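Subject: Structure for you to look through

Dear colleague,

Here is the structure I said I would pass on, and I would be glad if you kept it open while you read. My notes on what was found follow straight after it.

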Amino acid sequence: DQTQALQSWLFSRPAPALSAQDAASVARGQALFQSSAGCTACHVGPKLTNNATVDVGTGGAFQVPSLIGVSWRAPYLHTGCAQTLFDRFNPIVTDPATGQPCAGTAHGNTTQLTSPQIADLVAYLQTL
């Protein structure tokens with residue numbers, strides 16, 4: 001009951017003000033999110049989470065977080081290895097604890113994205 005009450009309260013909080021984004025970039029990022037990047041395999045529905053508990057390559061099982069307000073919740077990923085949303089997709093950023101790429105393949109199909117596509121995806125995520 002307490003967990004449900006906390007979750008209801010958290011999701012009822014108004015979102016922080018968003019910075020202005022280029023509409024065309026946001027639209028391209030949303031298209032990537034919904035198709036080739038594979039994000040919607042886990043981040044779906046009105047809260048952008050399937051609430052599943054999965055191992056995303058860390059050896060531990062974690063609940064898929066909602067992406068609502070994601071731009072306000074740095075650092076990113078379960079180990080906090082990505083300091084920014086751009087770091088989350090940057091293949092040269094590594095997790096200090098493991099030495100492995102922070103932007104591994106266990107979080108969607110993003111390794112094939114170009115720098116402009118990553119910028120578009122980040123622009124979309126910043127609107128959530």
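N51 sits in the loop between α2 and β1, and its phi is near 60°, a positive value in a residue other than glycine. Please bear in mind throughout that this is a predicted model. With a relative accessible area of 41%, N51 counts as partly exposed. The loop between α2 and β1 (53–55) also holds L48, whose phi is near 55° and is likewise a positive value in a residue other than glycine. L48, however, counts as buried, because its relative accessibility is 11% and the cut-off for buried is under 20%.

Next comes the loop between β2 and α3, where P75 is found. The peptide bond that joins A74 and P75 is cis, with omega at about 0°. L77 lies in the loop between β2 and α3 as well, and at 24% relative accessibility L77 counts as partly exposed. If residues up to four places away in sequence are not counted, L77 touches R88, C102 and H107. From C-alpha to C-alpha, L77 and A5 are 25 Å apart in space, while in sequence they are 72 residues apart.

C81 belongs to the loop between β2 (61–63) and α3 too, but C81 is buried, with a relative accessible area of 10%. Which residues does C81 touch, not counting residues up to four places away in sequence? They are Y76, V93, T94, D95, P96 and C102, and C102 is also among the residues that L77 touches. As for H43, C81 is 38 residues from it in sequence and 20 Å from it in space, C-alpha to C-alpha.

The interior of the model deserves a slower look. In soluble globular proteins, nonpolar side chains tend to be buried together. Here the largest nonpolar core has 23 residues, and those with the most contacts inside it are F33, L67 and L125. At least two residues of this core come from each of α2 (23–34), α3 (85–89) and α4 (115–125), and α4 gives the most, with six residues. When its neighbours within four places in sequence are left aside, L125 is in contact with F33, L67, V70, L85 and F89, so you can find this residue in the viewer and look for those five names around it.

Helix α4 is worth following residue by residue, and its buried residues are I118, D120, L121, V122, A123, Y124 and L125. What covers these buried residues includes α2 and α3.

Two side-chain pairs join α4 to α2, and I will take the aromatic one before the charged one. How many aromatic pairs does the count come to? The count comes to one, and the pair is formed by F33 and Y124, which are tilted, at 5.3 Å centre to centre and with 55° between the planes. This pair links distant parts of the chain, with F33 in helix α2 and Y124 in helix α4, 91 residues apart. Both partners count as buried, F33 at 2% relative accessibility and Y124 at 8%.

The charged pair is a salt bridge, and a search of the whole structure finds one. In it the side chains of R28 and D120 meet, at 2.7 Å from N to O. This pair, too, links distant parts of the chain, since R28 is in helix α2 and D120 in helix α4, 92 residues apart. Are the two partners buried or partly exposed? R28 counts as partly exposed at 42% relative accessibility, whereas D120 counts as buried at 8%.

Finally, please turn to the surface. L6, W9 and L10 form a nonpolar patch there, with about 330 Å² of accessible area together. L6 is found in helix α1 (residues 2–12), and L6 is partly exposed, with a relative accessible area of 49%.

With best wishes

Definitions and conventions:
Residues numbered from 1 in each chain as written. Predicted model: local features only at pLDDT ≥ 70, side-chain atom pairs only at ≥ 80, totals over all residues. Heavy atoms only, no water. Core = buried A, V, L, I, M, F, W, Y, C linked by side-chain atoms within 4.5 Å. Buried < 20%, exposed > 50% of the residue type's maximum accessible area, 1.4 Å probe, protein only. Helix = DSSP H or I, 4+ residues; strand = E, 2+ residues; numbered from the N terminus. Contact = heavy atoms within 4.5 Å. Patch = residues over 30% accessible without salt bridge, like charges linked within 9 Å, V, L, I, M, F, W, Y side chains within 5 Å. Areas by Shrake-Rupley, 256 points an atom, 1.4 Å probe, with all protein chains shown as cover. Salt bridge = Lys/Arg side-chain N within 4 Å of Asp/Glu carboxyl O. Phe/Tyr/Trp six-rings, centres within 6.5 Å; stacked < 30°, edge-to-face > 60°.
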